[in-house]
Amino acid sequence: MLVHLTADLPDAVDPGKSRVVATHIASLEGDWPQHTYSLNRLSPTSGKFAAALARNPLAPALPIAAVANDGKTTTLTYTAPPKGIYHRAMLERLAEWIARDMAEKGVRPRLIHAHKLTVEGIVAFALAQRLDIPFAISLQGNTDERIMRARPDLKAHFARIWRGAEIVFAYAPWIQRLAESKLGPRDGATVILPCPTPQDAILPPREAPAHLLTAFHLRLRKLKNIDTLIAAAKRAGENRPTIELQIAGGGEGSDVAAIEAMIGGSPHAQLVGPVPHAEMQGRMNAMAGFAMVSRRESFGLVFVEALLAGCPIVYPRNMAVDGYFDGLPFAIAVDPDDVGEIAQALERLVDQQAFLKAELAKWQQTSEAARFRSASIAATYREGVAAALGGPLSAGGLED
């Protein structure tokens, strides 16, 4: 039995979460019995927190409750203060709750996979010690980097989890490098595991006008740093009058108004509204390039979708897909705070379009491109789990 711990699964509490972890879990169906604990943190009221704190200042007893269970997934809520207050204590208390729940359900895991180091990893480490079984962790990037930075007092414990994991699945090379620099080297295996996307068709690059694309839900405009990207498009337009940044995405009226104000009537940027996900790669294929310069980005599936669709990219340095495309001209890393550098990258997408797309076409035929397609990602994950369990995947899977 393989038990997953994840706060990133679409569930009855929050059906709008990313489907990345759900897709990874689904890729193991038929190979091992699995049970997933889908975690949702709730913040306590100040009164309830004060009362719990008075009763137990070291580990306030705040509510934990299962809200749904379909036999394969237990969806639960746990109450914990915001901003990382009592972070470790609350998660170790959650581990005790899950241990009791597994005993009641007859769930006997051979491996626990925590789908983030700094959150679910604390739970998995406590469970693995209690049950004397191995555990695996994922490094997702954004959350793990932020919590490691915010909680230096937990560095030693994060290092124990990092070193103690049977295997680590890192979403991108940059977060592996960051963890190694902060927590030290590992003796065990670390596997780079990209995020899967259903939009992984390979579309040969083709010549396009000087149109560039960016895409996100407009409510995320601050996270996606769209004001800086628009400013860069305007600056690039001073030298390249035909440059046009198309901003795809839906949102509320206030979101649209905010971005329209940033554009300010410039001919070098325009909102084009929402584009259905199934149509996005076709839209990318008709562009000179794709650009997104987020302030934080764990992986950024959209960058991989663009490259597979024959569209060169501009992405934020030291995050997102950084480390996957070192030395490759069609993937341009920029400082997300540097308007001038971003503007130059946008100009390069237009000026060198033929060269960049010719190089991208060559890359699309390589095993490096294939590693980002769903079948290859699923195989990488299965092989890693099998190794963590002590050997290659047998033909019929492992029953217990």
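The paragraphs below walk through two sheets, the helices that pack around them, and a few individual residues of this predicted model.

A good place to begin is the open sheet of eight strands, whose order is β3-β4-β2-β1-β5-β6-β7-β8 and whose pairing is mixed. At its edges stand β3, covering residues 64–69, and β8, covering residues 189–192; each of these has a single partner strand, so one side of each is left without a neighbour in the sheet. Taken on average and with direction ignored, neighbouring strands of this sheet are turned by 20° against each other. Within the sheet, strand β2 (residues 34–42) pairs with strand β4 (residues 73–79) in the parallel sense, over seven bridges, and serine 38 can be found opposite threonine 75 in β4.

Another strand of this sheet, β6 (residues 135–139), holds serine 138. With a relative accessible area of 2%, serine 138 is buried, since the term applies to anything under 20%. When its neighbours within four places in sequence are left aside, the residues in contact with serine 138 are His113, Ala114, His115, Lys116, Leu117, Asp144, Phe169 and Tyr171.

The next feature is a pair of helices. Two packed helices are described by the angle between their axes and the distance between the axes. Helix α3, made of residues 87–105, packs against helix α4, made of residues 120–131, at an angle of about 50° and with the axes 8 Å apart, which makes α3 oblique to α4. The crossing of α3 and α4 is right-handed. On the side of α3 the contact is made by His87, Arg88, Leu91, Glu92, Leu94, Ala95, Glu96, Ile98, Ala99 and Met102, and on the side of α4 by Ile122, Val123, Ala126, Leu127, Arg130 and Leu131. Sorted by class, the residues of the contact of α3 with α4 comprise eleven nonpolar, one polar and four charged.

We now turn to the other sheet. Here six strands form an open sheet in the order β11-β10-β9-β12-β13-β14, and the pairing is parallel. Its edge strands are β11 (269–273) and β14 (331–334), each of which pairs on one side only. Neighbouring strands of this sheet are turned against each other by 30° on average, direction ignored.

Inside this sheet, strand β9 (residues 211–215) has β10 as a parallel partner over five bridges, and β9 also pairs in the parallel sense with strand β12 (residues 289–291), over two bridges. Leucine 213 offers a way to follow both pairings, as it stands opposite glutamine 246 in β10 and opposite phenylalanine 290 in β12.

Is strand β10 enclosed or open to its surroundings? Five of the five residues of β10 (residues 244–248) are buried, so the strand is largely enclosed by the rest of the structure. Both of its faces are covered, with Glu244, Gln246 and Ala248 buried on one side and Leu245 and Ile247 buried on the other.

Helices also pack on this sheet. Helix α8 lies across β9, β10, β11 and β12 and runs at about 155° to β10. Helix α10 (residues 277–285) packs on the sheet as well, touching β9, β10, β11 and β12, and its direction makes about 155° with that of β9.

Helix α8 has a helix partner too. With axes 8 Å apart, α8 and helix α12 (residues 339–351) pack at an angle of about 60°, and that makes α8 oblique to α12. The crossing in which α8 passes α12 is right-handed. In this contact Thr228, Leu229, Ala231, Ala232, Ala233, Arg235, Ala236 and Asn239 of α8 meet Val339, Gly340, Ile342, Ala343, Leu346 and Glu347 of α12. The residues of the contact of α8 with α12 divide into nine nonpolar, three polar and two charged.

Two further residues complete the tour. Glutamate 238 lies in helix α8 (residues 226–239) and is exposed, with a relative accessible area of 63%. The C-alpha atoms of glutamate 238 and alanine 343 are separated by 10.0 Å, although these residues are 105 residues apart along the chain. Lysine 224, found in the loop between β9 and α8, counts as buried at 10% relative accessibility. Apart from its neighbours within four places in sequence, lysine 224 is in contact with Phe216, Met292, Val293, Ser294 and Glu297.

Conventions: Residues numbered from 1 in each chain as written. Predicted model: local features only at pLDDT ≥ 70, side-chain atom pairs only at ≥ 80, totals over all residues. Heavy atoms only, no water. Pairing = 2+ DSSP bridges. Helix = DSSP H or I, 4+ residues; strand = E, 2+ residues; numbered from the N terminus. Axes fitted to C-alpha atoms, helices over the stretch in contact; angles between N-to-C directions. Parallel < 35°, antiparallel > 145°, perpendicular 65-115°, else oblique. Left-handed = near helix turned anticlockwise from the far one by under 90°. Contact = heavy atoms within 4.5 Å. Nonpolar A, V, L, I, M, F, W, Y, C, P; charged D, E, K, R; others polar. Buried < 20%, exposed > 50% of the residue type's maximum accessible area, 1.4 Å probe, protein only.
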